[in-house]
Amino acid sequence: MLLPFLRTLPLLCYNHLLVSPDSATLSPPYSLEKMTDLVAVWDVALSDGVHKIEFEHGTTSGKRVVYVDGKEEIRKEWMFKLVGKETFYVGAAKTKATINIDAISGFAYEYTLEINGKSLKKYMEDRSKTTNTWVLHMDGENFRIVLEKDTMDVWCNGKKLETAGEFVDDGTETHFSIGNHDCYIKAVSSGKRKEGIIHTLIVDNREIPEIAS
């Protein structure tokens, strides 16, 4: 009974060497199954929230399982080809995501995540130029507010809000409500070509600092 266990040791060792670029991390192994199959975890910040993508890859059976926010999106129990890709959709806007599986050497594999055809790093860099994100705590709750600058859509905790825009002397204001709180995003010109328009969130006449999106 000792020999079969010894034959599995190289597989376990190689799995510890798996590479997961583009912000992928390995979750702590809570069971033998998780330790050998869960190979990558990514957090992807979209307008409707931060989504967790988990990927299981069986390097003997070829099994592939994709979870988005804990919900199983793809399950393939047996795959003859161990490399390849899996495509699925994330969030309310059905953003396209693809996990690429590439062999490095032996039993070691590299897993990379693409969002809308771009590497996760490139996608987030581009997104930071087209969105503003604020996080605030009110009435015992945390609120994550995202402005999409190209459409002026405003999202709060995963839902797109009803807004009303108006012109003011020094720019525009986009008004909306969160519970009983009056909010608006003010847009004014920076006067500098590189900086463009500056967007500021005001809640109950108080300016909210922006965070990195």
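**Strands, salt bridges and a charged patch**

Reader: Hi! Is Glu86 buried or exposed?

Author: Hi! Glu86 is buried, at a relative accessible area of 3%. Buried means under 20% relative accessible area, exposed means over 50%, and partly exposed lies in between, with a 1.4 Å probe and protein chains only. This is a predicted model, in which local features need pLDDT of at least 70 and side-chain atom pairs count only at pLDDT 80 or more, while totals for chains, interfaces and linings use all residues. Residues are numbered from 1 along each chain as its sequence is written, and side-chain values use heavy atoms, leaving out hydrogens and water.

Reader: Cool. Which side chain does Glu86 meet in a salt bridge?

Author: That of Arg64, at 2.8 Å from N to O. A salt bridge here is a side-chain nitrogen of Lys or Arg within 4 Å of a carboxyl oxygen of Asp or Glu. Arg64 sits in strand β3 (residues 64-68) and Glu86 in strand β5, so the pair ties together parts that are 22 residues apart in sequence. Strands (E, at least two residues) and helices (H or I, at least four) are DSSP runs, numbered from the N terminus. Arg64 is buried as well, with 3% relative accessibility.

Reader: Why can side chains pair up like that?

Author: Because side chains of opposite charge can pair when their charged atoms come close.

Reader: How many salt bridges does the structure hold?

Author: There are 10. One of them joins Lys118 and Asp126 at 2.7 Å, N to O. Lys118 is partly exposed at 34%, whereas Asp126 is buried at 18%. Asp37, Glu56 and Lys63 are also linked, as a network of salt bridges.

Reader: Back to β5 for a sec. What is the strand order in its sheet?

Author: The order is β5-β6-β7-β8, an open sheet of 4 strands with antiparallel pairing. β5 (84-90) and β8 (118-119) are at the edges with a single partner strand each, so one side of each has no neighbour in the sheet. Two strands pair if DSSP finds at least two bridges between them.

Reader: How many bridges join β5 to β6?

Author: 7 bridges. Gly84 stands opposite Ile101 in β6. The two strands form a hairpin with 4 residues between them, and Gly91 in the turn has a positive phi of about 80°. Next along, β6 (residues 95-105) and β7 (residues 108-115) run antiparallel and are joined by 8 bridges, with Ala97 opposite Ile115 in β7.

Reader: Which residue has a positive phi of about 50° although it is not a glycine?

Author: Asn116, found in the loop between β7 and β8. Asn116 is partly exposed at 43%. Met152 also has a positive phi, about 65°, without being a glycine. Its loop lies between β10 (141-148) and β11 (153-156). For context, most residues other than glycine have a negative phi.

Reader: New topic! Which residues gather in the patch of negative charge on the surface?

Author: Asp139, Glu141, Asp182 and Asp204. Asp182 is in strand β15 (residues 181-189) and is exposed, at 57% relative accessible area. Patches take residues with over 30% relative accessible area and no salt bridge, joining like charges within 9 Å and nonpolar side chains (Val, Leu, Ile, Met, Phe, Trp, Tyr) within 5 Å. Asp and Glu count as negative, Lys and Arg as positive, with His and the chain ends not counted. A charge is placed at NZ of Lys, CZ of Arg, CG of Asp or CD of Glu. The areas come from the Shrake-Rupley method with a 1.4 Å probe, and for residues only the protein chains shown count as cover.
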